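Student: I would like to learn how to read a few features of a model. Please take them one at a time.

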Amino acid sequence: MTGIIVGIDPGVTGAIAAVALDGRLDYADDMPTVDRWVSIPLLRGYTTDDRIKLVGLELVRSRPGEGHSGAFKFGDCWGTMRAAFGVSHQVLDVRPQDWKKALRVGKDPTRSKEKSRAKAIELWPGNADLFARKKDSGRAEAALIAEYVRREMRDGAL
């Protein structure tokens, strides 16, 4: 069976990644943006991919200490991703605590980003360059969300 599972770490500094049903990393890209807003035209290449079997979108809430403007922009990105992919694909809400526990990257938000990068490098060593920089944590988290959904689907939980 061919196909991919897409994982999305929402936010303008987030990312979109895809894992093939056999576990190979298909891609991990930074969120497509223009002027710090998600670009719907640039999303088209991702949303029209006919290999997509499922989409895992991290279920997010406003963050403590985040201002109104930041919360609005974050929510706008989340809604844009849900709408753009949801038009033609099944979108699953993925709770951060679920995928982080399953993939053993921890709960501490200050440390889990680095643990996510390390875990992504462990799972896909041939693609380590995609996760090499500290700012590549969004790519790592998107890939891990996709991997979590792939495992849940494989194990019959979905």
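Tutor: Start with naming: helices (H or I, at least four residues) and strands (E, at least two) are DSSP runs, numbered from the N terminus. Just after helix 5, for instance, glycine 156 takes a positive phi of about 80°. This is a predicted model, where local features need pLDDT of at least 70, side-chain atom pairs count only at pLDDT 80 or more, and totals for chains, interfaces and linings use all residues. Residues are numbered from 1 along each chain as its sequence is written, and side-chain values use heavy atoms, with hydrogens and water left out.

Student: What span should the 18 residues of helix 5 have?

Tutor: The expected span is 1.5 Å times one less than the number of residues. For helix 5 that gives 26 Å, and its end C-alpha atoms lie 25 Å apart, which agrees.

Student: How many residues of helix 5 are buried?

Tutor: Buried means under 20% relative accessible area, with a 1.4 Å probe and protein chains only. In helix 5, 14 of the 18 residues are buried.

Student: Which residues touch the most other members of the largest nonpolar core?

Tutor: In soluble globular proteins, nonpolar side chains tend to be buried together. A nonpolar core is a set of buried Ala, Val, Leu, Ile, Met, Phe, Trp, Tyr and Cys residues joined through side-chain atoms within 4.5 Å. Here the largest has 24 residues, and Leu25, Trp99, Trp124, Phe131 and Val149 touch the most other members. Helix 5 gives the most to this core, eight residues.

Note on methods. Buried means under 20% relative accessible area, exposed over 50%, partly exposed in between (1.4 Å probe, protein chains only).
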